[in-house]
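Here is a set of short exercises to work through with the model open in your viewer. Try each task before you read the solution below it.

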Amino acid sequence: MDHYENFPVASWLCPPELRAPILALYGFARTADDLADEGDATADERLQALAQYRGHLHQACEQPDFLSDPWSQVFQDLAREHRRWHFPLILLDDLLNAFEQDVIYTREQRVYRDRAQLLDYCRRSANPIGRLLLHLVQVQDAESLCMSDAICSSLQLINFWQDLSVDIPRGRHYLPEGADLQQEMAWARQLMLSGAPLVHRLPGRFGWELRLVVQGGLRLLDKAQRLNTFKCRPVISRWDAPRMLWRAIRM
């Protein structure tokens, strides 16, 4: 996925009954990401739009006949799936908090001080995605949630280290000042591996979907550790698919 990297868009591996709620959640996250990132709006205009978007989220989920201009399709889809799946709205609020934080940190040219600050950001920007997906498959035990958080935080960190050549010119500084990039990549790998046993706790095709997500993140790390990501951005290509599939099978 190119646009909203933390969200695995429903593929042919995903159980058919989960595709509609996953796509509704993806549409919500992608549109919020656009409000925070795309176009020529000022920081204040972006924050105002995100605040309005948050209000529409709660109105749409509480009032089935609510019409959300200009995001009617997003919230119609989300409200329809919410009536069936009862999404924990606090997780969607957390996502919006993270998008707002991106706007504020970019405007004020803030740098993340340390790993604790990065993990706090990941708790709102990435971990809600995994928890929403676990909600759909009714896996809610504490150990599985912790593993999901580790995978999602790792994916967010990998995205940071992959995108340094893109983020820094845009005023986004996720690498803590004085941090060693190779050590940060090793930390992201350790997080991913600590969460990887979750694949054995998820049913059927959904577990296989997660195997490929994990292996995709690890493959990106392999490439990033061999490149200067301050100058170029590693990407997954079709030539990586056989290796990722083999590693997914071996899990």
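**Exercise 1. A covered helix**

Which helices do the buried residues of α6 pack against?

Solution. Keep in mind that you are looking at a predicted model.

Step 1: Find α6, which spans residues 127–136. It is mostly covered, with 8 of its 10 residues buried.

Step 2: Pick out the buried residues of α6: N127, P128, I129, G130, L132, L133, L134 and L136.

Step 3: Look at what surrounds these buried residues. They pack against α1, α3 (72–85), α4, α5, α7 and α10.

**Exercise 2. Two helices side by side**

Find the angle at which α1 and α2 pack, and classify their relative direction.

Solution.

Step 1: Select helix α1 (residues 16–37) and helix α2 (residues 43–62). Their axes lie 8 Å apart, and the packing angle is about 160°.

Step 2: Angles over 145 degrees count as roughly antiparallel. That makes α1 roughly antiparallel to α2.

Step 3: List the residues that touch. From α1 come G27, F28, T31, A32, D34, L35, A36 and D37, and they meet R46, A49, L50, Y53 and L57 of α2.

Step 4: Sort the contact residues by character. The contact of α1 with α2 divides into 8 nonpolar, 2 polar and 3 charged residues.

Step 5: Move to the loop between α1 and α2, where T42 is placed. T42 counts as partly exposed, because its relative accessibility is 42%. In sequence, T42 and A186 are 144 residues apart, and their C-alpha atoms are 36 Å apart in space.

**Exercise 3. A second helix pair**

Work out how α4 and α5 cross, then describe the make-up of their contact.

Solution.

Step 1: Helix α4 covers residues 89–108 and helix α5 covers residues 115–125. The two axes come within 7 Å and cross at roughly 130°.

Step 2: With that crossing angle, α4 is oblique to α5.

Step 3: On the α4 side, the contact involves D94, L95, N97, A98, Q101, D102 and Y105, which meet Q117, Y121, R123, R124 and S125 in α5.

Step 4: The residues of this contact divide into 4 nonpolar, 4 polar and 4 charged.

**Exercise 4. Positive phi angles**

Which loops hold Q109 and Q138, and how exposed are these residues?

Solution.

Step 1: Start with Q109, in the loop between α4 and α5. Its phi is positive, about 55°, although Q109 is not a glycine. Q109 counts as partly exposed, at 46% relative accessibility.

Step 2: Go on to Q138, which lies in the loop between α6 and α7 and follows α6. The phi of Q138 is also positive, near 60°, and Q138 is a residue other than glycine.

Step 3: Check the accessibility of Q138. At 68%, Q138 counts as exposed, because the cut-off for that class is over 50%.

**Exercise 5. Residues in α7 and α10**

Are I151, Q162 and Q215 buried or exposed, and what do they touch once neighbours up to four places away in sequence are set aside?

Solution.

Step 1: I151 lies in helix α7 (residues 142–162). I151 is buried, with a relative accessible area of 2%. I151 is in contact with M192, G195, A196, L198, L210 and V214.

Step 2: Q162 is also found in helix α7. Q162 is buried too, with a relative accessible area of 6%. The contacts of Q162 are L220, T229, C232, R233 and P234.

Step 3: Q215 has its place in helix α10 (residues 204–224). Q215 counts as buried, at 6% relative accessibility. Q215 touches M244, R247, A248 and M251.

**Exercise 6. An enclosed space**

Identify the residues that line the second largest cavity, and sort them by character.

Solution.

Step 1: The structure holds 2 cavities of 30 Å³ or more. The second largest cavity contains about 40 Å³ of space.

Step 2: Highlight its lining, made up of D102, Y105, T106, R110, Y112, G171, R172, H173 and Y174.

Step 3: This lining divides into 3 nonpolar, 3 polar and 3 charged residues.

Methods: Residues numbered from 1 in each chain as written. Predicted model: local features only at pLDDT ≥ 70, side-chain atom pairs only at ≥ 80, totals over all residues. Heavy atoms only, no water. Helix = DSSP H or I, 4+ residues; strand = E, 2+ residues; numbered from the N terminus. Buried < 20%, exposed > 50% of the residue type's maximum accessible area, 1.4 Å probe, protein only. Contact = heavy atoms within 4.5 Å. 1 Å grid on protein atoms, 1.4 Å probe; cavity = no way out; pocket = protein on both sides within 12 Å on 5 of 7 lines; lining within 4 Å. Points joined across faces, edges and corners; volume = space filled by probe spheres on them. Nonpolar A, V, L, I, M, F, W, Y, C, P; charged D, E, K, R; others polar. Axes fitted to C-alpha atoms, helices over the stretch in contact; angles between N-to-C directions. Parallel < 35°, antiparallel > 145°, perpendicular 65-115°, else oblique.
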